[in-house]
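Reader: I should be grateful for a close account of a single part of this model. Please set out the geometry and the contacts residue by residue, and then place that part within the whole.

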Amino acid sequence: MAEAPEEISPEQTEKIIQFQDMTGIDDLDRCQQILQQHEWNIETAVQDTFNEQEGVPSVYSQPPPEPRTPPVNIQPSDQRVFTVASRRPQGIFQWTYFFMAFPFRFVYTTFTDILTFIWSLFRQDPRRNVVDPVGDVTRFIQTYNDLYGQDHPVFYQGSYSQALNDAKSELRFLLVYLHGDNHQDTPDFCRNTLGNNDVIDFINSSMLFWSCNTNSPEGYRVSRALRENTYPFLALIVLRQNKMTVVARIEGPIGPVELTQRLERLMSENETSLVAARADREERSFNQTLRAQQDEAYLESLKADQEKARKRQEEQEEVRQIEQQKEEEELERLRLIQAKEDRKEVLKTEIPAEPNSTDPDTVKIVLKLPHGARVERRFLKSQSLKDLYHFAFCHEDCPDDFHIVTNFPRRTLPCEPKDGEPEPPTFAEAGLGKNEMLFVQDNEA
């Protein structure tokens with residue numbers, strides 16, 4: 001069963017749209033995937049996408065323990081190749097020794113090659129399996145120090161791939177030395193050439209220096225890649241046209257003076273490629289900085305616009321709530337007015353009919369309203385004062401909240417009926433006479 005797609009929030013949807021506008025990627029699913037890889041950090045995702053488009057290492061992906069070997073142009077068309085022949089014997093003693101040792105050396109070499117070939121038929125060469133490249137290099141350095149001392153250029157203590165990557169990132173020359181244990185010219189080269197102080201100072205100040213024994217897996221791997229013909233073998237590598245390039249090979253027992261002179265000349269011939277690379281890198285860095293500043297300004301402007309939109313929305317929501325509250329209050333006011341009118345209509349029907357003026361129990365009441373109007377009404381002495389209250393309440397000029405008082409002596413008549421309290425007294429119980437002048441007073445005045 002296919003896995004259900006991950007739910008995204010409205011805020012994440014907005015980030016996807018912003019990321020699409022800033023990078024120009026049409027595929028929304030691709031935009032979502034990139035943002036998820038960067039934990040929805042839009043600034044990092046945008047910068048990483050631009051870096052990837054320009055061939056700059058990603059700020060998101062962590063490098064593996066052994067970096068990938070950058071592409072290397074092994075044999076460019078203008079590669080310089082210097083082959084130094086071994087020194088010929090001089091004098092009768094050296095020539096005699098050479099001819100006497102030649103048969104033994106020939107037999108030994110031939111026999112060793114035959115044994116190596118036969119052994120390879122039954123067992124794979126262990127040098128083909130590179131397990132610990134850095135360990136191979138450090139072990140070679142230790143062995144070299146034990147055999148030839150510590151007077152030599154500073155060896156790069158890392159794998160060949162790491163050396164290439166560092167030389168590329170630092171825009172420096174890389175000098176590779178492949179050490180052949182069994183070659184007759186190796187000891188003299190190590191002691192007299194690599195041990196020379198001028199060579200040491202020149203290499204240390206001008207380039208990275210990487211070396212390894214070709215009998216180790218890491219050295220054998222580099223040997224197969226560079227395809228040397230004899231030892232000692234040196235290869236000068238530099239960045240050209242965005243690719244590490246072997247610009248020169250030096251093969252054979254070269255002396256210290258000649259080595260320094262050749263390296264100086266080779267570096268001078270290829271310095272322009274590093275100058276161009278530095279200029280290109282500075283321009284790319286400037287463009288990235290400029291783009292980052294533009295992106296930052298855009299994001300700040302976007303945040304400001306979003307903040308304005310949020311405040312505008314909050315203000316509109318506040319206005320809407322106020323208007324809604326006013327509408328509710330107006331509806332409540334109208335409802336109360338309508339309820340009062342409905343109550344008046346009901347109370348009008350509940351007020352007893354006005355008695356005849358000739359009835360001996362009649363009480364004539366004159367009500368003076370707050371605005372000066374006077375209203376007359378007859379009641380029976382046996383009627384409750386609530387009828388007087390209801391009569392006044394139903395009059396159109398009477399306030400909604402009021403009480404009724406006598407003039408002299410001044411007192412408030414308990415005529416308003418209330419739930420849970422006894423019925424208001426009658427006119428007779430209230431001590432009202434045949435004719436009374438009463439006053440309606442507004443409680444809110």
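The request and the reply below concern one helix and then the regions that follow.

Reader: Which residues of α2 are buried, and which residues make the contact of α1 with α2?

Author: The model is predicted, and every value below should be read with that in mind.

Helix α2 covers residues 28-37. Just at its start, a side-chain oxygen of Asp-27 comes to within 3.0 Å of the backbone nitrogen of Asp-29. The buried residues of α2 are Cys-31, Gln-32, Ile-34 and Leu-35. Viewed along the axis of α2, these buried residues fall within an arc of 165°, so they line one face of the helix. A general point of helix geometry is relevant here: an α-helix has 3.6 residues a turn, so residues three or four places apart point the same way.

The partner to consider is α1, residues 10-23. Two packed helices are described by the angle between their axes and the distance between the axes. For α1 and α2 the angle is about 105°, and the axes lie 9 Å apart. Because angles of 65 to 115 degrees count as roughly perpendicular, α1 is roughly perpendicular to α2. On the α1 side the contact is made by Lys-15, Ile-16, Phe-19 and Gln-20, and on the α2 side by Leu-28, Cys-31, Gln-32, Ile-34 and Leu-35. By character, the residues of this contact divide into six nonpolar, two polar and one charged. Cys-31, Gln-32, Ile-34 and Leu-35 thus appear both in the list of buried residues and in the contact with α1.

The end of α2 has a feature of its own. Just after the helix, Glu-39 takes a positive phi of about 55°, a positive value in a residue other than glycine. Glu-39 is placed in the loop between α2 and α3, the latter being residues 42-54. Glu-39 is exposed, with a relative accessible area of 71%.

A positive phi also appears at Asn-242, where the angle is near 65° and the residue is again not glycine. Asn-242 sits in the loop between β5 and β6. At 59% relative accessibility, Asn-242 counts as exposed.

Strand β6, residues 243-251, contains Glu-251. Glu-251 is buried, with a relative accessible area of 2%. A polar atom of the Glu-251 side chain lies 3.2 Å from the backbone nitrogen of Asn-229. Residues up to four places away in sequence aside, Glu-251 touches Phe-82, Thr-83, Val-84, Glu-228, Asn-229, Thr-230, Pro-232 and Phe-233. One of these, Pro-232, is 19 residues from Glu-251 in sequence, while the C-alpha atoms of the two are 5.9 Å apart. Pro-232 belongs to the loop between α9 (217-226) and β5. The peptide bond joining Tyr-231 and Pro-232 is cis, with omega about -5°. A cis peptide bond also joins Phe-408 and Pro-409, again with omega about -5°. Pro-409 is in the loop between β9 (402-406) and β10 (435-442).

Strand β5, residues 233-240, leads to a further pair of sites. Ser-273, in helix α10 (residues 256-350), is buried, with a relative accessible area of 15%. The Ser-273 side chain reaches the backbone oxygen of Leu-239 at 3.4 Å. With neighbours within four places in sequence left aside, Ser-273 is in contact with Val-238, Leu-239 and Arg-240.

Both β5 and α10 are also among the elements that cover the buried residues of α7, together with α5 (133-148), β3 (173-179) and α8 (197-206). In α7, residues 186-193, the buried residues are Thr-186, Phe-189, Cys-190 and Thr-193. Seen down the axis of α7, those residues fall within an arc of 110°, so they line one face of the helix.

As for the whole, the protein has 11 helices and 10 strands. Of its 445 residues, 36% count as buried. Among contacts with a separation of 6 or more, 68% are accounted for by residues 24 or more positions apart.

Note on methods. Residues numbered from 1 in each chain as written. Predicted model: local features only at pLDDT ≥ 70, side-chain atom pairs only at ≥ 80, totals over all residues. Heavy atoms only, no water. Helix = DSSP H or I, 4+ residues; strand = E, 2+ residues; numbered from the N terminus. Buried < 20%, exposed > 50% of the residue type's maximum accessible area, 1.4 Å probe, protein only. Polar contact = N/O pair within 3.5 Å; in protein donor to acceptor, adjacent residues only side chain to side chain. Contact = heavy atoms within 4.5 Å. Axes fitted to C-alpha atoms, helices over the stretch in contact; angles between N-to-C directions. Parallel < 35°, antiparallel > 145°, perpendicular 65-115°, else oblique. Nonpolar A, V, L, I, M, F, W, Y, C, P; charged D, E, K, R; others polar. Arc of directions from axis to C-beta.
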